[in-house]
Amino acid sequence: MSSDYALPIPQNRVIVGFGGVGVDLLATVPTFPKPDSKNRTTDLKVQGGGNTGNALTCAARLGLKPRIISKIANDPQGRALVEELEAEGIDTSFMVISKEGTTPFSYIIIDNQTKTRTCIFTEGYPKMIPEDLPRPRLLSALDGAKLAYFDVRMPETALVIAHEAFNRKIPILVDVERPREGLDELLPLTDYVICSEKFPQAWTRASTIPRALVSIMLRLPRLKFVIVTLGKNGCIMLEQLADESPLLEEIDIDSDLESLSKSKDDSTMPTIIVSSITRFTAEGIGSMCGRLSIGTAEKIPESEIIDTTGAGDAFVGAILYAICANFDPRAMLPFASYVAAANCKALGARSGLPYRTDPYLVSVFAPHW
């Protein structure tokens with residue numbers, strides 16, 4: 001198809017992702033079952049899952065060429081998982097396949113009444129260790145990569161890969177759900193962070209999310225931006241910029257976020273509200289020069305919401321593409337929010353992921369490339 005009818009393909013579209021993959025067993029029920037009761041499914045699907053598998057699938061559909069590093073077992077679930085990833089255009093040649101053990105899997109119950117999902121995760125065995133990835137294979141996996149992605153699983157191996165990516169000057173994006181083992185060693189190597197709503201305060205002990213973002217930036221001077229995802233309430237991004245003017249006004253970051261929030265409109269599609277370049281202050285923490293943005297989420301009619309499983313992974317996958325395509329931040333957040341919303345309109349973490357030929361993506365976001 002002509003590039004006029006698809007998102008542009010970045011000049012370098014090779015990315016490497018390391019982390020969790022698995023199989024999702026998704027069951028939709030009228031209401032969440034009570035203890036010691038029986039219920040019937042209204043829909044059932046078996047599909048690949050895991051943060052890394054989902055995010056890279058999203059990135060592949062948008063036009064990137066992901067390479068995945070993870071570990072599964074040579075069981076029916078593992079073999080099906082590899083076939084699914086390869087069908088999406090993901091290079092699985094760097095995956096480790098154990099002759100014995102089990103592939104990770106999750107039971108996911110989708111409550112059709114409340115539109116919530118409950119996950120029961122079973123870890124795979126044996127876990128991946130650095131010795132599973134000899135140095136020549138690691139170097140081959142990273143060769144020519146534009147970006148490296150981590151979901152903070154299997155920390156010992158993650159740190160080996162991240163240090164090599166850092167030494168080779170490959171930018172690193174980390175997707176953080178909560179504080180995990182190895183995270184404090186991984187973050188100083190990181191260029192971009194996308195995190196859950198609860199993470200900033202849990203990691204910094206700051207009293208508010210905006211203050212926590214300033215604390216994160218001061219503790220991690222390499223960071224270009226940190227994005228906090230807020231589900232149906234959109235997201236917040238703080239960019240770190242060079243302080244080139246001594247005349248910049250100092251503004252309390254909590255007050256600035258409150259002021260920006262008042263500018264939200266009633267648009268049903270994702271939008272963004274951006275501050276000027278400012279020296280943000282956080283009482284008791286410090287100050288930094290940057291730009292604060294609020295991204296709104298698409299307002300999806302209740303009748304169109306099928307399953308929120310993997311919405312955060314879809315958001316991350318879209319950001320991976322946006323970085324490789326050099327999107328302006330003003331386009332990046334609405335783009336990622338639209339992709340995440342699209343994924344909520346189908347069952348499972350991957351069924352609703354849009355392709356680069358999606359008419360809305362092409363008409364609205366291709367001009368920003």
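Me: Is P210 buried or exposed in this model?
Reply: Happy to start there, keeping in mind that this is a predicted model. P210 sits in helix α7, which covers residues 209-219. Buried means under 20% relative accessible area. Because its relative accessibility is 7%, P210 counts as buried.

Me: Which residues does P210 touch, leaving out those up to four places away in sequence?
Reply: One partner is D254, 44 residues from P210 in sequence. Their C-alpha atoms are 5.8 Å apart in space. With sequence neighbours up to four places away left out, P210 touches I253, D254 and L257.

Me: Which residues have the most contacts inside the largest nonpolar core?
Reply: Good one to look at in the viewer. The largest nonpolar core has 53 residues. One of its best-connected members is L238, whose contacts beyond four places in sequence include L213, M217, I253 and F280. Apart from this core lies another of 50 residues, with A55 and M332 among them. In the largest core, the residues with the most contacts are I69, F150, V174 and L238.

Me: Which residues make the nonpolar surface patch of about 360 Å²?
Reply: A handy way in is L25, which is found in strand β2, residues 22-29. At 30% relative accessibility, L25 counts as partly exposed. The patch of about 360 Å² is made by L25, V46, Y107 and I120.

Me: What is the omega of the cis peptide bond from Y125 to P126?
Reply: Most peptide bonds are trans, so a cis one is worth a look. P126 lies in the loop between β8 (116-122) and α3 (135-142). The bond from Y125 to P126 is cis, with omega near -5°.

Me: What is the phi of K169, and what is the phi of R205?
Reply: Most residues other than glycine have a negative phi. K169 is in the loop between α4 (155-167) and β10 (172-176), and at 73% relative accessibility it counts as exposed. R205 is in the loop between α6 (199-204) and α7, and at 72% it counts as exposed. Both values are positive: phi is near 60° for K169 and near 65° for R205.

Me: How much helix and strand does the span of residues 298-354 hold?
Reply: An unreviewed UniProt entry annotates "domain: Carbohydrate kinase PfkB" over residues 18-239 and 298-354. Residues 18-239 are 30% helix and 29% strand, with end C-alpha atoms 25 Å apart. For residues 298-354, the end C-alpha atoms lie 15 Å apart, and the span is 51% helix and 0% strand.

How values were computed
Residues are numbered from 1 along each chain as its sequence is written. This is a predicted model: local features need pLDDT of at least 70, side-chain atom pairs count only at pLDDT 80 or more; totals for chains, interfaces and linings use all residues. Side-chain values use heavy atoms; hydrogens and water are left out. A nonpolar core is a set of buried Ala, Val, Leu, Ile, Met, Phe, Trp, Tyr and Cys residues joined through side-chain atoms within 4.5 Å. Buried means under 20% relative accessible area, exposed over 50%, partly exposed in between (1.4 Å probe, protein chains only). Contact means heavy atoms within 4.5 Å. Patches are made of residues with over 30% relative accessible area and no salt bridge: like charges are joined within 9 Å, nonpolar side chains (Val, Leu, Ile, Met, Phe, Trp, Tyr) within 5 Å. Accessible areas come from the Shrake-Rupley method with a 1.4 Å probe; for residues, only the protein chains shown count as cover. A salt bridge is a side-chain nitrogen of Lys or Arg within 4 Å of a carboxyl oxygen of Asp or Glu. Helices (H or I, at least four residues) and strands (E, at least two) are DSSP runs, numbered from the N terminus. UniProt positions are given in the numbering used here, feature names are shortened, and annotations may be inferred rather than shown by experiment.
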